[in-house]
Each structure stands twice: as C-alpha cells, then as structure tokens.
Amino acid sequence: MLDGKAAIVTGAGRGLGRAYARAMAAAGASVVVNDLDADVAKETVDLITDAGGAAVAHVGAVGGSEFADGLVRRAVDEFGRLDVMVTNAGALRDRTLRNTTDDDFDVVVNSHLRGTFTCGRAAAAHFREQGEGGRLILVGSPAGQRASFGQTAYSASKGAIVAMTRTWALELAKIDVTVNAIVPTALTRMVATMPRVGDLVAKVDAGEPVPDAVRRQGLGSPDDVAPVIVYLASKESAHITGQAIAAGGDRIALWTHPGEVEERFRQDGWTAGSVAELFSGTHANRLQDFRPTPLDLAAFEEA
C-alpha cells in the first residue's frame, strides 16, 4: 500500500510511534525513526530492518525549526523523497493547574504543539517543492477533545493540534496534501498510572492479548491504531482530510467539528437579566457536558 513512499514518524522509539513506524514499513514505506532516546530509536530501526524493511534513526527532540528541517533533509538524503509526516512525539507532565509550573507548561507545549507545527511546516514546504502532494498525520488525544484532570498543558496542546489540522487541511488542499488528526487510545506507558489500567499495560508489554471487554471499550495495543495510520498515509485516503479520527482496540470513530448547539436572538440586544433568563430556561437544557466519558471499569473487572 505504501511501496516507494518515504515517511517520518516522530517519537517512534516506543509505544504508538513504534507501532506506526513498523506498520508503515511493513506496508512498503521507508521510515525515518525519530526519538529523543537513541537506544529505543535504534531498537525500532532494528525491528524494521530485521523484518526486511528500510529505516534509519534520527535522534533528537522536536520543537525547533532547525531540527524539523533536518528531519526532512534526512528523509530526502536517505530515501530521495518525503511523502508522509506523522507528528507523534511529545512530553507529558501530570500536574493540576495549581501545580503546573512555567517549565512544565513549556516542555509539554514545545514538544507537542510547537513540535507538530515545525515538523508539519517543514514537511509541507517539501511537499510543495516535490510537487506530488503528501500526507500530514497529526496526533491528538481524547484529552484535547474532552476534559482530562491534571493535564492543563497536554489538553491545551492536543486540542490546538486538532484545530490546526482543520486549518492546514484548508490551506494545503490546493497542493494535494491531506491533513488529518488521529485520536488514539492504547495501553501504553502513558496510561499506566490510571486506576486498574497498569496491569493491562503490563500484559500488553508481555505480549498477552487484551481482554475482549477492554477492547470493546476502545483500548487495545498500539498495533490496533497503526492500520489507520497506514490508510491515512496511502493514496487510497486522498479524499479524507480535515478529520479527527479516534482509534483504539476494536473501535474507530469520527469526532465532530465544533458547532453551535443552540442560538437565540433578542430584539435590540441582551441585558444581564435577559441572559440570566435564557440560561435558566432554554439554554439550561442544552449546556454541554464537560466531563470525560469514563472507561467502563466494571468491564475491566469482568475481564
């Protein structure tokens, strides 16, 4: 499906990023494996090359423009072209608002949001020069779509990435570049601290199957998300752009674009009193649920 294509996956040393890189390589793509950790980047490259695929490691932290430009140059130098950029890399700091320092915020936003921006911009510039279109696959999170306690910087970054997806899809359509966001859920180190989930992560790491009841909740291994990445990277997905696509376990879903759920007009405008009447009347039944959709922990116990 991806024969002759070249791709970059940032944060590909472990977890979801590794699964994305391996799946694209198995589909025929040559892959630049980026990670901050040289050892795990090499592990991913070795897994790909041992299976007969083509891959090279490019070690370093995303965020800066110079590094993003260097990633693109590496793909072109090694493989002669670039067709796909998957912006998966990012740091995490579990902090509530009162405990989030400036440094915490900057580390998360720089890696996730700025890293996506600089890598996406560098790839788009090359796609324009190459003149054959391209694929930008940005990585969001349920934390950016709904509330996520203790994730101020991460939620802000991931929400912004999905918003950026829609804008880039609009801007880059004229050069045949599609831009989509994947919103993955998988049993990785990132969710291992969630109640009752740590044991499941350990099972995945040990190569054990994920229980069916958990898979139906949208949680599986990183490999369950990877086929969506392969599809979005392929020519078959040319008509798909500007979308936020959830994937995990046995589940694939589409997130809606933000839209107004209710509107009212008042001749000559509003007063504080009439606004109060509106929100105690008609609007009271249309307020949006800000809480996350919880995983069915009973299903975990069942499994």
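Start by selecting Met24: leaving aside residues up to four places away in sequence, Met24 touches Leu2, Ala7, Val9, Ala29, Val31, Val84, Val86, Ile229, Val230 and Ala233 (contact means heavy atoms within 4.5 Å). Before you go on, note that this is a predicted model, where local features need pLDDT of at least 70, side-chain atom pairs count only at pLDDT 80 or more, and totals for chains, interfaces and linings use all residues. Residues are numbered from 1 along each chain as its sequence is written, and side-chain values use heavy atoms, with hydrogens and water left out.

Now add Tyr20, Val33, Val86 and Ile182: together with Met24 they have the most contacts inside the largest nonpolar core, which has 34 residues. Such a core is a set of buried Ala, Val, Leu, Ile, Met, Phe, Trp, Tyr and Cys residues joined through side-chain atoms within 4.5 Å; buried means under 20% relative accessible area, exposed over 50%, partly exposed in between (1.4 Å probe, protein chains only). For a second, separate core of 27 residues, pick Val56, Phe67, Met164 and Val177, which are among its members.

Next, show helix 1 (residues 15-26) and helix 2 (residues 38-50), packed at about 25° with axes 10 Å apart. Arg18, Ala21, Arg22 and Ala25 of helix 1 meet Val40, Glu43, Thr44, Leu47 and Ile48 of helix 2.

Last stop, two loops. Asp176 sits between helix 6 (152-172) and strand 6 (177-184); its phi is near 60°, positive in a residue other than glycine, and Asp176 is exposed at 57% relative accessible area. Then jump to Asp268, between strand 8 (251-254) and helix 10 (272-280): phi is near 70°, and Asp268 is exposed at 76%.

Methods:
Axes are lines fitted to C-alpha atoms, for helices over the stretch in contact, and angles run from 0 to 180 degrees between N-to-C directions. Helices (H or I, at least four residues) and strands (E, at least two) are DSSP runs, numbered from the N terminus.
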